[in-house]
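Me: I should like to learn how to read helix packing and a surface pocket in a structural model. Please take me through both.

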Amino acid sequence: MNLVHYFRLLGVGILALLLLDYAALLIPPQFTNPVWEFQTVGQIVERIWAPVLAYVLFFIPFIPSIPLKFDGPWLIRKWSMQTARFLSHLALAWAIVYLLMMPLLLNNSIRIYRNNQAGLAQQSSQQKTQLAAIEEQIEQLTDRNLESMIEQAQATSDEANREASNPGEIRQQLLDQTQQRFIQGQQQLQNSFEDQQRNLIKSTVKWFFGAIIGSALMFTVWRLSNELLGYWPMQ
């Protein structure tokens, strides 16, 4: 076997490994989950280097300037050419798949954004409900309960409450502390939501343009492989 043919074997090997990688990504499928669809498409886009490299290695022996001898039995020669033509057509299908990934990315990005918004609204509502419940409990505290809290604060040197001298003051302090914790919780929710949206936008832009580049690369591979195979008629 000519040494150049080992490149073709390397190309087939990379495609086989890529097929196993795709199987791990797609099994089990979760087609109703926008996060799974979004991340799966992104992972496929990020692996575009693998099929491009595999095709380059596989079709190196078909370059006319490189000595190519289809040695061996007729069946092997025919299998080699049929495999090459199949992979050439597969490259075109690959390019189309990458094109179809772009609207899928945008659609799932919008769905994730809406889900994040709904999650933010739900968590914010829960915090408001908890705030109202705590404030109601504080309002229901009796003067005796509040006086006991003053005595306990003075005994334990509680900086937050020991300055209160009457039940009305400590009730107001408790309400202020509760309101402050609520505001901090709301700010944390908003910051988390903004971080999620920032990462979502970055991933969407990266994978969207990656899909465009991937489609262009595979379309180029298809054209070049067709041209190379034109030099070698089916034997």
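Reply: The discussion below turns to a pair of helices and then to a pocket. Please bear in mind that this is a predicted model.

Me: How are two packed helices described?

Reply: In general, two packed helices are characterised by the angle between their axes together with the distance between those axes. In this structure, helix H1 (residues 5-26) and helix H3 (residues 49-59) have axes that come within 7 Å and cross at roughly 155°. H1 is therefore roughly antiparallel to H3, since angles over 145 degrees are counted in that class.

Me: Is the crossing of H1 and H3 left-handed or right-handed?

Reply: The crossing of H1 and H3 is left-handed.

Me: Which residues of H1 and H3 meet?

Reply: From H1, the residues are Phe7, Arg8, Leu10, Gly11, Val12, Ile14, Leu15 and Leu18. They meet Ala50, Pro51, Leu53, Ala54, Tyr55, Leu57 and Phe58 in H3. By class, the residues of this contact comprise 13 nonpolar, 1 polar and 1 charged.

Me: How much space lies in the second largest pocket, and which residues line it?

Reply: The second largest pocket holds about 160 Å³ of space. Its lining consists of Leu15, Ala16, Leu18, Leu19, Tyr22, Leu87, Leu90 and Trp94. Leu15 and Leu18 are thus named in this lining and also in the contact of H1 with H3.

Me: Which helix supplies the largest share of that lining, and how do its residues divide by class?

Reply: H1 supplies the largest share, 5 residues. H1 and helix H4 (74-139) each contribute at least two residues to the lining. The lining residues divide into 8 nonpolar, no polar and no charged.

Terms used:
Residues are numbered from 1 along each chain as its sequence is written. This is a predicted model: local features need pLDDT of at least 70, side-chain atom pairs count only at pLDDT 80 or more; totals for chains, interfaces and linings use all residues. Side-chain values use heavy atoms; hydrogens and water are left out. Axes are lines fitted to C-alpha atoms, for helices over the stretch in contact, and angles run from 0 to 180 degrees between N-to-C directions. Helices (H or I, at least four residues) and strands (E, at least two) are DSSP runs, numbered from the N terminus. Angles under 35 degrees count as roughly parallel, over 145 as roughly antiparallel, 65 to 115 as roughly perpendicular and the rest as oblique. A crossing is left-handed if the near helix is turned anticlockwise from the far one by less than a right angle, and right-handed if clockwise. Contact means heavy atoms within 4.5 Å. Ala, Val, Leu, Ile, Met, Phe, Trp, Tyr, Cys and Pro count as nonpolar, Asp, Glu, Lys and Arg as charged, and the others, Gly among them, as polar. On a 1 Å grid over the protein atoms alone, a cavity is a set of points where a 1.4 Å probe fits but cannot get out, and a pocket is an open set with protein on both sides within 12 Å along at least five of seven lines; lining residues have an atom within 4 Å of a point. Grid points are joined across faces, edges and corners, and a volume is the space filled by probe spheres set on the points.
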